Amino acid sequence: MASRPTWQGHLKLSLVTCPVALYSAIDPGGDVHFNLINPKTHNRIKMITTDPDTGPIARSELAKGYEIEKGRYILLTDEDIRSVRLESTKAISIERFVPQDDIDRLYWDAPYFVLPDGKLAQEAYGVIREAMAQTGQIALGRVVLSTRERLLALEPRDKGIIAYSLRTHDEVRSAEEAFADIADSEADGDMVAIARKIIEQQEGPFDPSQFTDRYE
């Protein structure tokens, strides 16, 4: 692929291993970004870092801080942060296999293409991909991306493998709590029947090409 890989290392399934590279499966080029502009001068507004007590301060004088309680921070140097960063193991070791339906959709996050890194890697890559395809299961492994360990779900697709980073349990809010205030009363049967007819009339295959950026 023309783009730069997000990560490079090895994919391991027991004794079978091969060099691979992860590439983002998402093209951010369609995102729309706006800047704040002074309509009188058409100049872009600059955000100035300011201390509420002393006024403007240069970014070079700032430090990173972790809030331990409201309004109280521990200051950290770049060396402090580097000392606790996870070092990439440069390997995605497949730990186990699970049925796809066992992973709640709320946990699926960013998709990546997993590609063999070099011609010599293709044979071992093909062995792993074919073994995964024959099991019909989702492979789970771990990888360090941007100094953060992420759980990956890998599945074969066409000639290759797709990996999805999975959100952690702490990142996903409870659906039960979100829907707690919805009434338990049964829906009106006649109205449900009408709604079902509308749904059946609008059924059809999903074509993602029909959904484009509305700003285009």
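Let's start in a loop: Asp158 sits between strand 12 and strand 13. Keep in mind as you explore that this is a predicted model. From that loop we can move to the barrel, then to a helix that packs on it, and finally to the nonpolar cores.

**Two loop residues to look at**

- Asp158 has a phi near 50°, which is a positive value in a residue other than glycine.
- Is Asp158 buried or exposed? With a relative accessibility of 70%, Asp158 counts as exposed.
- His42 also deserves a look: its phi is positive, about 65°, although His42 is not a glycine.
- You will find His42 in the loop between strand 3 (37–38) and strand 4 (43–44).
- His42 is exposed, since its relative accessible area is 65%.

**The barrel**

- How many strands close into the barrel? Seven strands do, in the order 1-2-10-13-12-11-9, and their pairing is mixed.
- On average, neighbouring strands of this sheet are turned by 40° against each other, with direction ignored.
- A helpful piece of background is that strands of a sheet pair through backbone hydrogen bonds, either parallel or antiparallel.
- Strand 11 (residues 138–145) and strand 12 (residues 148–157) run antiparallel and are joined by seven bridges.
- To see one such pairing, find Val143, whose bridge partner in strand 12 is Arg150.

**The helix on the sheet**

- Helix 2 (residues 122–135) packs on the sheet, and its direction makes about 85° with that of strand 2 (16–24).
- The strands touched by helix 2 include strand 1 (7–13), strand 9 (91–98), strand 10 (108–116) and strand 13 (160–166).

**The nonpolar cores**

- In soluble globular proteins, nonpolar side chains tend to be buried together.
- The largest nonpolar core here has 21 residues, and those touching the most other members are Leu11, Cys18, Leu22, Ile92, Val114 and Leu154.
- Strands 1, 2, 9, 10, 11, 12 and 13, along with helix 2, each supply at least two residues of this core.
- Which element gives the most to this core? Helix 2 does, with four residues.
- Leu11 makes a good place to zoom in: leaving out residues up to four places away in sequence, Leu11 touches Val16, Thr17, Cys18, Val20, Ile92, Ile94, Ile128, Leu154 and Ile161.
- There is also a second, separate core of nine residues, among them Ile103, Ile138, Ile162 and Tyr164.

Definitions and conventions. Residues are numbered from 1 along each chain as its sequence is written. This is a predicted model: local features need pLDDT of at least 70, side-chain atom pairs count only at pLDDT 80 or more; totals for chains, interfaces and linings use all residues. Side-chain values use heavy atoms; hydrogens and water are left out. Two strands pair if DSSP finds at least two bridges between them. Axes are lines fitted to C-alpha atoms, for helices over the stretch in contact, and angles run from 0 to 180 degrees between N-to-C directions. Contact means heavy atoms within 4.5 Å. Buried means under 20% relative accessible area, exposed over 50%, partly exposed in between (1.4 Å probe, protein chains only). A nonpolar core is a set of buried Ala, Val, Leu, Ile, Met, Phe, Trp, Tyr and Cys residues joined through side-chain atoms within 4.5 Å.
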